[in-house]
Amino acid sequence: MNTRLLALAALTAALSMSAACGGQGGGNPAPVAANETATDMTSETPSAEASESPTASGSASPSVSGTPVGAGCSSLPASGKGSPAELAKVPVGTAISDVPLLSTLARVVKKAGLVETLNSAQDITVFAPTNDAFNKIPKSQLDQLMKNRKSLRGLLAYHVVKGRKAPADMHGELTTLEGRKLTVTGSDSTLKVNDATVTCGNIATSNATIYAVDKVLMPR
């Protein structure tokens with residue numbers, strides 16, 4: 001537990017420094033400066049605190065790639081709100097709030113002011129920590145993190161990569177919008193991202209693909 005606390009504290013400090021300094025110096029990989037979405041994920045902009053309702057991107061024709069994979073997908077409703085068919089019709093910021101097992105992540109995204117930013121993004125993949133993943137972080141530490149918007153934005157940006165990744169694309173290293181890399185191993189229903197297991201992946205939304213993971217991802 002002490003090791004996890006220290007790791008989270010170190011991550012929070014590093015992300016705060018990265019946000020304040022533009023990700024330069026200190027030997028850390030710089031954020032993907034050429035990626036407009038990366039800038040949106042970490043900058044303090046009024047649009048990030050806009051309405052949580054679906055935007056125009058949510059009305060676009062969903063691009064569904066395959067079907068959800070993983071044992072955790074059994075928790076998704078077969079029909080109605082939160083079902084794969086309905087999630088495919090709305091943008092990812094809204095979709096997260098429609099999935100009960102991602103309710104804590106939905107709260108974190110809202111606190112960071114990134115609902116509209118995620119809804120407006122195009123063609124991204126989001127690694128979404130489940131409620132159980134957040135429960136592995138001590139409540140006091142999570143409460144402290146929730147008070148620091150810059151740290152939250154950096155942490156969330158580390159959970160997003162450019163492009164909609166199908167299971168077949170999930171291998172090797174992926175560069176996150178935060179600037180550092182994730183390592184993906186396994187295949188289909190046995191995928192791992194860093195040391196986290198994908199519980200339900202390849203969930204299509206109108207502008208993104210979601211992979212639910214059982215741990216909050218920490219930069220190595």
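In this predicted model, K89 and E86 come together through their side chains in a salt bridge, with 3.1 Å from N to O. Neither partner is hidden away or fully open: K89 is partly exposed, at 45% relative accessibility, and E86 is likewise partly exposed, with a relative accessible area of 32%. This pair is one of five salt bridges that the structure holds. Side chains of opposite charge can pair when their charged atoms come close.

A second example takes the reader to helix 4. Here D98 forms a salt bridge with K81, and the closest N and O atoms of the two lie 3.7 Å apart. The link joins distant parts of the chain, with 17 residues separating the partners. D98 belongs to helix 4 (residues 92–98), whereas K81 sits in the loop between helix 2 (36–42) and helix 3 (84–87). The surroundings of the two residues also contrast. D98 has a relative accessible area of 17% and is therefore buried, as this value falls under 20%. K81, at 64% relative accessibility, lies over the 50% cut-off and so counts as exposed. The D98–K81 salt bridge thus joins a buried residue to an exposed one.

A further salt bridge is found between E178 and R180, whose side chains meet at 2.6 Å, again from N to O. In this case both residues, E178 and R180, are buried. Taken together, the pairs described here include partly exposed partners in K89 and E86, a buried D98 with an exposed K81, and the buried E178 and R180.

Methods: Residues are numbered from 1 along each chain as its sequence is written. This is a predicted model: local features need pLDDT of at least 70, side-chain atom pairs count only at pLDDT 80 or more; totals for chains, interfaces and linings use all residues. Side-chain values use heavy atoms; hydrogens and water are left out. A salt bridge is a side-chain nitrogen of Lys or Arg within 4 Å of a carboxyl oxygen of Asp or Glu. Helices (H or I, at least four residues) and strands (E, at least two) are DSSP runs, numbered from the N terminus. Buried means under 20% relative accessible area, exposed over 50%, partly exposed in between (1.4 Å probe, protein chains only).
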